[in-house]
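Dear colleague,

Please find below the structure that I am handing over to you, with its sequence. My notes on it follow directly afterwards.

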Amino acid sequence: ENYDAAIASYQSALALNEAQGHVHNNLGMAFALLKRFPEAIAEFTRALEISPHLAEAHKNLGNAQRENRQFGLAIESYQKYLAIKPDDADVHVALGLAHKEAGDFGACVPCYEKALQINPKQEFIAGGLLHSKAHLCLWDGFQENLEQLNLGVLAGEKCTSPFAYLAMVDSPDLHKIAAAT
């Protein structure tokens, strides 16, 4: 995993032909993997200037913006990606996390619900959804959802993070199981 060599190769390719959106996207990924988010954001943005419908560049831009704590911009990028690929559960989760990190628990709930609708076994999101609903005092169906979550934990499913689960359940035995998955 020599990202510096990859960066040099992508830059060489762009020197020959600057108008390659996918190459700018790949260069952005190399920068993102090195945690060089401003450079990654610049490359993803350039990729989208060249190829506005390059879905992966929208997603990658959102991820880099989120890592760079630009939550509003990340939300916009994820929404553009989902306009192209609406059935990507992972990006619905990322959109929900961006909303949550921006302090908008209300907006993250439908994102998590959509992710679970697309993929009912989406890792860690059932617990994140209930945790977010608890923050909003949305108690309708909460107990039933919590019982389902407990069954998932007992079955060894990765349905909640141990930290979100800790806030909802008072059972050291269940906490230990959740932490082990």
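The paragraphs below describe a pocket, one helix and several loop residues.

Please keep in mind throughout that this is a predicted model.

I begin with the pocket. The largest pocket has a volume of about 380 Å³. Two elements each give two or more residues to its lining, namely helix H8 (125-135) and helix H9 (142-154). H9 supplies the largest share of that lining, with 5 residues. In total, 17 residues line the largest pocket, and those nearest its centre are Leu116, Pro120, Ala126, Leu149 and Cys159. By character, the lining consists of 8 nonpolar, 4 polar and 5 charged residues.

I turn next to helix H6. This helix covers residues 89-101, and its 13 residues should span 18 Å at 1.5 Å a residue; the C-alpha atoms at its ends are 18 Å apart, so the expected and modelled values agree. At the N-terminal end, Asp88 acts as a cap for H6, with a side-chain oxygen 3.0 Å from the backbone nitrogen of Asp90. After H6 comes Gly103, which has a positive phi, near 90°.

Which residues of H6 are buried? They are Ala89, Val91, His92, Val93, Ala94, Leu95, Gly96, Ala98 and His99. These buried residues pack against four helices: helix H4 (55-67), helix H5 (71-84), helix H7 (105-118) and H8. H8 therefore appears twice in this account, since it packs with the buried residues of H6 and also contributes to the lining of the largest pocket.The loops hold several residues that you may wish to view individually. Gln20 lies in the loop between helix H1 (3-16) and helix H2 (21-33). Is Gln20 buried or exposed? Gln20 counts as buried, because its relative accessibility is 18%, below the 20% cut-off. The side chain of Gln20 reaches the backbone oxygen of Asn17 at a distance of 2.8 Å. Beyond its neighbours within four places in sequence, Gln20 is in contact with Ala13, Leu14 and Ile50.

Asn68 is placed in the loop between H4 and H5. With a relative accessibility of 30%, Asn68 counts as partly exposed. When residues up to four places away in sequence are not counted, Asn68 touches Phe37, Pro38 and Ile41. Asn68 and Ala32 are 36 residues apart in sequence, while their C-alpha atoms are 10 Å apart in space.

Two further loop residues deserve a look for their backbone angles. Lys35, in the loop between H2 and helix H3 (37-50), has a phi near 65°, which is a positive value in a residue other than glycine. Lys35 is exposed, because its relative accessible area is 59%, over the 50% cut-off. Phe124, in the loop between H7 and H8, also has a positive phi without being glycine, in this case near 70°. Phe124 has a relative accessible area of 32% and is partly exposed.

With kind regards

Methods
Residues numbered from 1 in each chain as written. Predicted model: local features only at pLDDT ≥ 70, side-chain atom pairs only at ≥ 80, totals over all residues. Heavy atoms only, no water. 1 Å grid on protein atoms, 1.4 Å probe; cavity = no way out; pocket = protein on both sides within 12 Å on 5 of 7 lines; lining within 4 Å. Points joined across faces, edges and corners; volume = space filled by probe spheres on them. Nonpolar A, V, L, I, M, F, W, Y, C, P; charged D, E, K, R; others polar. Buried < 20%, exposed > 50% of the residue type's maximum accessible area, 1.4 Å probe, protein only. Polar contact = N/O pair within 3.5 Å; in protein donor to acceptor, adjacent residues only side chain to side chain. Contact = heavy atoms within 4.5 Å. Expected span 1.5 Å × (residues − 1).
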